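User: I am new to this structure. Please take a close look at a single strand and its surroundings, and then at the contacts beyond.

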Amino acid sequence: MWFLNLLLLIFILGIIILVHEFGHFIWAKKFGVHIYEFSLGMGPVIHTHKGKDNIDYNIRAFPIGGFVSMAGEVYEDDKKIKKETFMCNRPWYQRLIILVAGVVNNFILAIVLLFTIALFWGSTTTKPLIGTILENSAVDKSGIEVGDEIKSINGIKASSWDKLQIALYRKNKNESYEFIVKKSNGEEKTYQVIPEKVKQEDGTEVNQFGFGIDSTKNHGIIPSLKYAFMKFGSIISSMTLTITSLFSGKISLNALSGPVGIYQVVGDSVSAGISQIIYIIAFLSVNVGFINILPFPAFDGGRVLFLLIEKIKRSPINAKIENTFHVVGFFLLMLLMVYITFQDILKLF
């Protein structure tokens, strides 16, 4: 079973990486940028194909990324090709499109998959409406009722279930959580909720609030379209809160998951059915797109940042400085990946 789960994980990551890198590839090709290689995976090449366009199409050993190798990504680096085919020599807007195309592709894939899920299996509301409350639970004792809409938790606006879950996961110095809810009559009320501490199998304690999502199903093309875009925005919003919480210390790095953690999630989703697997693909696709557009070195967003600085100062940035920036960023990124993977492995024991 573990082998099938591993194959499924490789398949899921392969789809997401392929869609992302194809975005860079197709626009670079359209704008006449010289492309050396299109690779899925990292590390040693295990299969290669030389296309009629003289581009090497490779599959590499480790399915944790991919890349499109283009001439002149930072500066003119090949005397054998025409100057106008260097990416750095293409018009500003073309370079911008090439850089963001991967992220856009990931977002489009996610929206299409979310629409597909809603169309075939139905969709629930993305609003944080309380559908169930466990008897004698913390939420039940506070006076909150089924049908109430949670507006905020500890001052964090709860615009969706996804964002609400992050708000509940953030570190809280006090035992009590402040819930502001909207009643069915439109009145807003404030409640203090003291969650129950529950020990998990690994010995860690988690807060249990005792309420569940409104699971009423909606069907049809229009509700499905609405769900796809609302859910997409919900995931983006929750990821933004996660990133800001990491920097503020409200969420620790241990909460993040790498390949091992994703493998666990994929394994759990198999028993839940194909709709859950499709959702995992959509969710991870949004994650990959969101992370890549962050203005961090080695990410697409880091390169976009330099492009924007170049546009503002109206002159190219020193190529050596930019290249060093991305190399150092990539090294730090690999260290973070090793740390997260190590933490994922520790969670297994």
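Analyst: Here is a walk from one strand outwards.

The model is predicted. Start at strand β6, which covers residues 177-182. What do its side chains do along the strand? They alternate. Y177, F179 and V181 point to one face, and these three are buried. E178, I180 and K182 point to the other face and are not buried. This fits a general pattern: in a regular strand, side chains alternate between the two faces of the sheet.

Next, the neighbours. Which strands pair with β6? One is β4, residues 149-153. β4 and β6 pair in the antiparallel sense, over four bridges. The other named here is β7, residues 188-193. Six bridges join β6 to β7, and these two strands also run antiparallel.

V181 is a good residue to follow. Its side chain is buried. In β4, I150 stands opposite V181. In β7, the bridge partner of V181 is K189.

Now the turn. β6 and β7 form a hairpin, with five residues between them. G186 sits in that turn and has a positive phi of about 95°.

The loop between β6 and β7 also holds K183. Is K183 buried or exposed? K183 counts as buried, because its relative accessibility of 11% is under the 20% cut-off. Side chains of opposite charge can pair when their charged atoms come close. K183 has two such partners, E145 and D148, and the three residues are linked in a network of salt bridges.

Take E145 and K183. They form a salt bridge, with the closest N and O atoms 3.1 Å apart. E145 lies in the loop between α3 (138-142) and β4, while K183 lies in the loop between β6 and β7, so the pair ties together parts that are 38 residues apart in sequence. E145 is partly exposed, at a relative accessible area of 46%.

Take D148 and K183. Their side chains meet in a salt bridge at 2.8 Å, N to O. D148 lies in the loop between α3 and β4, so its pairing with K183 in the β6 to β7 loop ties together parts 35 residues apart in sequence. Both D148 and K183 are buried.

How many salt bridges does the model have? The count comes to eight. Another one joins K231 and D162, with the closest N and O atoms 2.9 Å apart. K231 lies in helix α5 (residues 221-248) and D162 in helix α4 (residues 161-169), so this pair ties together parts that are 69 residues apart in sequence. Both K231 and D162 are buried.

Stay with α4 for a moment. It is mostly covered: seven of its nine residues are buried. Among them are W161, L164, I166 and L168. D162 and K163 are buried too, as is A167.

Last, a pair of helices. Helix α2 (residues 92-121) and helix α7 (residues 274-292) pack at an angle of about 155°, with their axes 8 Å apart. An angle over 145 degrees counts as roughly antiparallel, so α2 is roughly antiparallel to α7. The crossing of α2 and α7 is left-handed. Which residues meet there? From α2 they include V103, F107, L114 and W121. From α7 they include I274, Y279, V286 and F290.

Technical notes: Residues numbered from 1 in each chain as written. Predicted model: local features only at pLDDT ≥ 70, side-chain atom pairs only at ≥ 80, totals over all residues. Heavy atoms only, no water. Buried < 20%, exposed > 50% of the residue type's maximum accessible area, 1.4 Å probe, protein only. Pairing = 2+ DSSP bridges. Salt bridge = Lys/Arg side-chain N within 4 Å of Asp/Glu carboxyl O. Axes fitted to C-alpha atoms, helices over the stretch in contact; angles between N-to-C directions. Parallel < 35°, antiparallel > 145°, perpendicular 65-115°, else oblique. Left-handed = near helix turned anticlockwise from the far one by under 90°. Contact = heavy atoms within 4.5 Å.
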